[in-house]
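Welcome! Here is a short tour for anyone meeting this structure for the first time. Please take a look at it before reading on.

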Number of protein chains: 2
Amino acid sequence: MSKYYPELGLTREKLLKKVKAQMSKKRYEHVLAVEEQAIKLAKIHGVDEYKAGLAGLLHDYAKELPAEEFKRLIKKYDLDKDLLNWGNNVWHGMVGIYKIQEDLVLKDKEILHAIKVHTVGCKKMSDLDKVVYVADYIEPHRDFPGVYKARRLAKKNLDEAVAYETRGTVRHLIDREIKIYPQTLETYNYYIDYLK
Amino acid sequence: MSKYYPELGLTREKLLKKVKAQMSKKRYEHVLAVEEQAIKLAKIHGVDEYKAGLAGLLHDYAKELPAEEFKRLIKKYDLDKDLLNWGNNVWHGMVGIYKIQEDLVLKDKEILHAIKVHTVGCKKMSDLDKVVYVADYIEPHRDFPGVYKARRLAKKNLDEAVAYETRGTVRHLIDREIKIYPQTLETYNYYIDYLK
């Protein structure tokens with residue numbers, strides 16, 4: 001694990017301090033676990049481990065921001081107005097990357113994209129996107145029916161793992177009668193064939 | 001039940017003959033059952049019974065058309081090209097209404113719209129749309145877990161019935177790993193709050 005993040009101009013110690021300041025202890029532990037999981041998956045699938053780790057570390061950076069802050073960011077950066085109809089679950093990735101760019105000097109587009117879509121996914125995800133999306137779902141603290149299968153697929157094939165995760169996420173939302181973000185459906189429709 | 005359909009210039013006998021010629025015996029029985037169910041729901045909820053019955057009778061008119069015929073209609077009427085990526089389940093309503101207009105002189109926009117969206121629904125459906133959408137789901141031949149609840153809701157509240165049906169349909173598609181038409185998701189997102 002790098003001790004220094006050159007593009008941020010920060011030592012690992014200082015970066016961890018900044019991340020920790022944004023969230024609860026429990027979420028901070030999750031974030032560290034996703035970082036480690038993302039690096040493991042990157043190693044298996046030939047993805048840049050440094051980028052996977054940094055994206056994992058920052059993926060939930062904005063998760064505990066208040067709604068007002070997300071609304072400010074949506075307006076300030078002239079983002080799709082429809083985002084205002086959604087909530088934290090969609091915002092913390094899709095809008096959260098603007099907060100990250102305000103607080104840290106992160107410019108790497110691949111890392112930012114992986115953070116952006118880590119909850120809702122998208123069509124034609126990059127392998128880095130997939131690694132972060134899947135690592136978030138299977139990190140060791142996760143415990144839900146199907147997590148063992150998700151872990152097996154994650155080692156074997158990233159596309160199958162994305163498909164399995166997206167199907168599980170959509171089913172979970174339907175069971176709870178929660179609205180589904182259209183981009184989540186796009187991810188489902190694009191990847192579902194990989195399960196067959 | 002009307003014996004004559006003035007806007008079609010057809011007796012009921014002749015119209016039934018035309019409908020019957022388009023489909024299997026089993027589907028024809030389903031169509032008659034949806035007609036009857038739609039009239040019943042229309043009566044309960046103060047919707048035009050004549051329109052509900054005619055929409056019910058014609059809702060699956062195009063269901064057994066070959067794919068080539070749907071593709072011809074999509075091109076001929078310059079419909080959304082994305083429709084080509086979908087299949088019979090989406091086509092028989094969304095595209096089927098063009099076949100109905102070619103074969104019969106049906107011009108009533110409310111009836112055509114109810115037929116158009118009878119499988120995928122849409123935001124802000126009219127009460128006639130809802131009656132046909134729901135009648136198709138609960139007619140007496142239908143037998144699936146939840147059909148009793150669907151029938152109860154249909155009598156009580158059309159919006160709740162639409163929400164319940166759409167949730168059930170989306171869950172069914174996910175369980176079978178089938179792609180979901182974006183308009184079906186729009187219906188789900190628009191109506192799901194009625195279940196709460």
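## Helices, copies and pockets

In this predicted model, helix 2 (residues 25–45) of chain A packs against helix 9 (residues 147–156) of chain A at an angle of about 40 degrees, and their axes are 9 Å apart. Helix 2 and helix 9 of chain A are therefore oblique to each other. On the helix 2 side, A:Leu41, A:Ile44 and A:His45 take part, meeting A:Ala154, A:Lys155 and A:Lys156 of helix 9. Sorted by class, this contact has 3 nonpolar, 1 polar and 2 charged residues.

Now step back to the two chains. A turn of 180 degrees with a shift of 0.0 Å along the axis lays chain B on chain A, with an RMSD of 0.0 Å. The two copies are thus related as by a two-fold rotation axis. Within chain B, B:Arg171 has the C-alpha nearest the axis, at 3.3 Å. Both copies use the same surface, since 100% of the contact residues of chain B recur in chain A.

Next come the pockets, side by side:

| Pocket | Volume | Lining | Largest share of the lining |
|---|---|---|---|
| Largest pocket | about 1300 Å³ | 41 residues | helix 10 of chain B, 9 residues |
| Second largest pocket | about 1000 Å³ | 29 residues | helix 10 of chain A, 8 residues |

Closest to the centre of the largest pocket are B:Asn89, B:Tyr137, B:Arg142, B:Thr169 and B:His172. Its lining has 12 nonpolar, 14 polar and 15 charged residues. In the second largest pocket, A:Asp136, A:Tyr137, A:Arg142, A:Phe144 and A:His172 lie nearest the centre. The lining of the second largest pocket has 6 nonpolar, 11 polar and 12 charged residues.

Key. Residues are numbered from 1 along each chain as its sequence is written. Chains are lettered from A and ligands numbered from 1 in the order in which they are written. This is a predicted model: local features need pLDDT of at least 70, side-chain atom pairs count only at pLDDT 80 or more; totals for chains, interfaces and linings use all residues. Side-chain values use heavy atoms; hydrogens and water are left out. Axes are lines fitted to C-alpha atoms, for helices over the stretch in contact, and angles run from 0 to 180 degrees between N-to-C directions. Helices (H or I, at least four residues) and strands (E, at least two) are DSSP runs, numbered from the N terminus. Angles under 35 degrees count as roughly parallel, over 145 as roughly antiparallel, 65 to 115 as roughly perpendicular and the rest as oblique. Contact means heavy atoms within 4.5 Å. Ala, Val, Leu, Ile, Met, Phe, Trp, Tyr, Cys and Pro count as nonpolar, Asp, Glu, Lys and Arg as charged, and the others, Gly among them, as polar. Copies are superposed by least squares on the C-alpha atoms of residues with pLDDT of at least 70 in both. On a 1 Å grid over the protein atoms alone, a cavity is a set of points where a 1.4 Å probe fits but cannot get out, and a pocket is an open set with protein on both sides within 12 Å along at least five of seven lines; lining residues have an atom within 4 Å of a point. Grid points are joined across faces, edges and corners, and a volume is the space filled by probe spheres set on the points.
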